[in-house]
Amino acid sequence: MLRYPILLLDYDGTLAETRPAILRSLEEAFTDIGRTPPPRSYLKERLGKGDALQGFYQSIVDEGASMDEAQRYVAAYRQRYAQADEEETYLYDGAREVLQILQGRGYRMIAVSNKHGPTLRHSLARFQLEPFFEASIGAEEGLPRKPEKEVFTQRLAHMLPGWGAEQCLMVGDTTADIGFAQTLGMDVCWASYGHGVAEVCREMKPTYQFDSLWELPNLLSETES
């Protein structure tokens, strides 16, 4: 019997190494709107909190930027990211094989990401990962995003009639993933190889930890009865 019949899998930093493309695009977008990019160390710190485009958008607004300028930043980032993603993003070793193993063992899988929804769907299709997922939940304007519990209660629960958070396992790499699961009383498996700040993630005491994707099937086997 599967302890966690439903796996909620993050994308960035869990299935794919997207950090070079994201950092490059964030920097280029600041330049495109006539602002000096923040230090890369700052960008990495924000990224390590699961805070990508939406967080930077908000930071621009908080610093007194006009709404028009902030919107231009978002548009510039998305335009830049399309090219950077094609050139620099790659799947972590074993990503497709591990998903195939888990699907074969009867796990239901849903991609739950803070990546822009259309970009997430494009990425899954590009890497031929779509067949492994029942659905994908990405960032959409006006809708909750991790770590808000409403991602589950408002956006996911209707897809899982009869199933509760306790029957799901969140698999992700940042504090956004860990915090999301913990607000719901959901167990969480932390991908230590991803984008999260290790010290901060460990302090949150995730239920499980794995250091490469290849470890995930065996970790889940130990929870099965």
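A residue counts as buried when its relative accessible area is under 20%, and this cut-off is needed at the opening stop of the tour, which runs through a predicted model.

**Thr-175 and the cis proline**

Begin by selecting Thr-175, which belongs to helix α8, residues 175-183. Its relative accessibility is 17%, so Thr-175 counts as buried. If you display its surroundings and set aside residues up to four places away in sequence, you will find Thr-175 touching Gly-48, Lys-49, Val-200, Cys-201 and Met-204.

From Thr-175, move to Pro-147, whose C-alpha atom is 7.9 Å from that of Thr-175 although 28 residues separate the two along the chain. Pro-147 sits in the loop that runs between β5 (135-139) and α7 (150-156), and the peptide bond leading into it from Lys-146 is cis, with omega near 15°.

**His-195**

Next select His-195, in the loop between β7 (187-191) and α9 (198-203). With a relative accessible area of 5%, His-195 is buried. Show its side chain together with that of Glu-17, and a polar contact of 2.8 Å can be drawn between them. Beyond its neighbours within four places in sequence, the residues in contact with His-195 include Asp-12, Gly-13, Thr-18 and Arg-19, as well as Leu-47, Gly-48, Tyr-92, Asp-173 and Thr-174.

**Helices α1 and α2**

Arg-19 and Leu-47, both among the contacts of His-195, also take part in the packing of α1 against α2, so select these two helices now, α1 as residues 19-32 and α2 as residues 40-47. Their axes lie 11 Å apart and make an angle of about 125°, and the two helices are therefore oblique to each other. Viewed as a crossing, the arrangement of α1 and α2 is right-handed. On the α1 side, show Arg-19, Ile-22, Leu-23, Arg-24, Leu-26, Glu-27 and Phe-30, which meet Arg-40, Leu-43, Lys-44 and Leu-47 on the α2 side. Coloured by class, this contact divides into 6 nonpolar and 5 charged residues, with no polar ones.

**From Arg-24 to helix α4**

Keep Arg-24 selected and add Glu-87, since the side chains of these two residues are joined by a polar contact of 2.9 Å. Glu-87 is part of helix α4. For a distance across the model, place a C-alpha to C-alpha line from Glu-87 to Ala-111, which spans 23 Å for a sequence separation of 24 residues.

**Helices α4 and α6**

Extend the selection to the whole of α4, residues 67-88, and add α6, residues 117-126; their axes come within 12 Å and cross at roughly 20°. At that angle α4 is roughly parallel to α6. The crossing of α4 past α6 is right-handed. Tyr-81, Asp-85 and Glu-86 make the contact from α4, while Thr-119, His-122, Ser-123 and Arg-126 make it from α6. By class, these residues comprise 1 nonpolar, 3 polar and 3 charged.

**Two residues with positive phi**

Continue to Gln-128, in the loop between α6 and β5. Although it is not a glycine, Gln-128 has a positive phi, near 60°, and its relative accessible area of 57% makes it exposed.

Finish at Lys-205, in the loop between α9 and β8 (208-210). Lys-205 is likewise a residue other than glycine with a positive phi, here near 55°, and at 66% relative accessibility Lys-205 counts as exposed.

Conventions. Residues numbered from 1 in each chain as written. Predicted model: local features only at pLDDT ≥ 70, side-chain atom pairs only at ≥ 80, totals over all residues. Heavy atoms only, no water. Axes fitted to C-alpha atoms, helices over the stretch in contact; angles between N-to-C directions. Helix = DSSP H or I, 4+ residues; strand = E, 2+ residues; numbered from the N terminus. Parallel < 35°, antiparallel > 145°, perpendicular 65-115°, else oblique. Left-handed = near helix turned anticlockwise from the far one by under 90°. Contact = heavy atoms within 4.5 Å. Nonpolar A, V, L, I, M, F, W, Y, C, P; charged D, E, K, R; others polar. Buried < 20%, exposed > 50% of the residue type's maximum accessible area, 1.4 Å probe, protein only. Polar contact = N/O pair within 3.5 Å; in protein donor to acceptor, adjacent residues only side chain to side chain.
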